[in-house]
Amino acid sequence: MKIYIAPSILAADFANLEKEIKMINDSEADYIHVDIMDGVFVPNISMGVPVVEAIARHAKKPLDVHLMIVEPDRYLENFKNAGAAHLTVHLEACQHLDRTIQAIKSLGCKAGVALNPHSPVSQLEEIIAALDIVCLMSVNPGFGGQSFIKSTYDKVKKLKNLIASQGSMAKIEIDGGVSLENAKGLLDAGADILVAGNFVFSSKNPKTTIKKLKSIS
Ligand code: DX5
Ligand code: ZN
């Protein structure tokens, strides 16, 4: 089974973003995960559109943009224009999720929905066929470097069944506390994309760490 790796730039050295992005470009990573936090939907503020534009100027891998913001519809076009290839919104932040997903697709981006740890995958029953990505949060969103929530394995299996039952093409992404300790279990449960922040950027050799994650099978 193929696994896609998305290093999370939130854990990078923000004073050396160009260098960090070049490292990802030269690595076996598939995407660059970019966390947008508004201090309202989550208790932290990360970065906005200008920083995503700056990242996109150097990135050779598609930007996987994770919007942890309220009213994401207001900013979809801005993030698309800044260079986002994937736009993932939170189920918990959308009143009219179907409309939001259609808006993302009409911009030409892959459309993703992220679920907080407390949100059941059954809430996606009516929309799963339209999704390109489902991001299961394996920590409560807002901060990097938190511990992986173990009930995620079961959630991945439930989601895999839902995807199969409806012939959806959605990829399963896992975000939060991913490391070599849980990567294989997640792949076996049915995950397709692993986001990894601290595990990659706090390691001695981030490029080798990405290679190791990519090599699990
Ligand atoms: C958490 C973010 C994650 C975070 C992952 O709110 O959505 O993408 O950057 O970082 P680690 O891998 O350190 O948990
Ligand atoms: Zn994220």
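What is the volume of the largest pocket? About 290 Å³. Keep in mind on this tour that the model is predicted.

**Stop 1: the pocket.** Select the lining of the largest pocket, which is made up of 25 residues. Centre your view on Phe-143, Gly-144, Gly-145, Gly-176 and Gly-177, the lining residues nearest the pocket's centre. Now colour by element: β2, β3, β8 and α7 (198–201) each give two or more residues to this lining. Colouring by class instead splits the lining into 12 nonpolar, 11 polar and 2 charged residues.

**Stop 2: the ligand.** Turn on ligand 1, and you will find that the space it takes is this largest pocket. Its shell draws two or more residues from each of β2 (32–37), β3 (63–68) and β8 (193–196). Highlight β2 here, as its 3 residues are the largest share of the shell.

**Stop 3: the shell.** Next, show the 20 residues around ligand 1; Ser-8, Asp-35, Gly-142, Asp-175 and Gly-197 come nearest. By class, this shell holds 8 nonpolar, 10 polar and 2 charged residues.

**Stop 4: polar contacts.** Time to zoom in on some atom pairs. Pick Asp-35 and look for a polar side-chain atom 2.7 Å from an oxygen atom of ligand 1. Move to Gly-142, where a polar backbone atom lies 2.8 Å from a ligand oxygen. Then try Asn-198, which has a polar backbone atom 2.9 Å from an oxygen atom of ligand 1.

**Last stop: the surface.** Finally, switch on the surface of ligand 1: taken alone, the ligand exposes 380 Å², and the protein buries 99% of that.

Key:
Residues numbered from 1 in each chain as written. Chains lettered and ligands numbered in written order. Predicted model: local features only at pLDDT ≥ 70, side-chain atom pairs only at ≥ 80, totals over all residues. Heavy atoms only, no water. Near = heavy atom within 4 Å. Polar contact = N/O pair within 3.5 Å; in protein donor to acceptor, adjacent residues only side chain to side chain. Areas by Shrake-Rupley, 256 points an atom, 1.4 Å probe, with all protein chains shown as cover. 1 Å grid on protein atoms, 1.4 Å probe; cavity = no way out; pocket = protein on both sides within 12 Å on 5 of 7 lines; lining within 4 Å. Sits in = over half its atoms within 2 Å of the grid points. Helix = DSSP H or I, 4+ residues; strand = E, 2+ residues; numbered from the N terminus. Nonpolar A, V, L, I, M, F, W, Y, C, P; charged D, E, K, R; others polar. Points joined across faces, edges and corners; volume = space filled by probe spheres on them.
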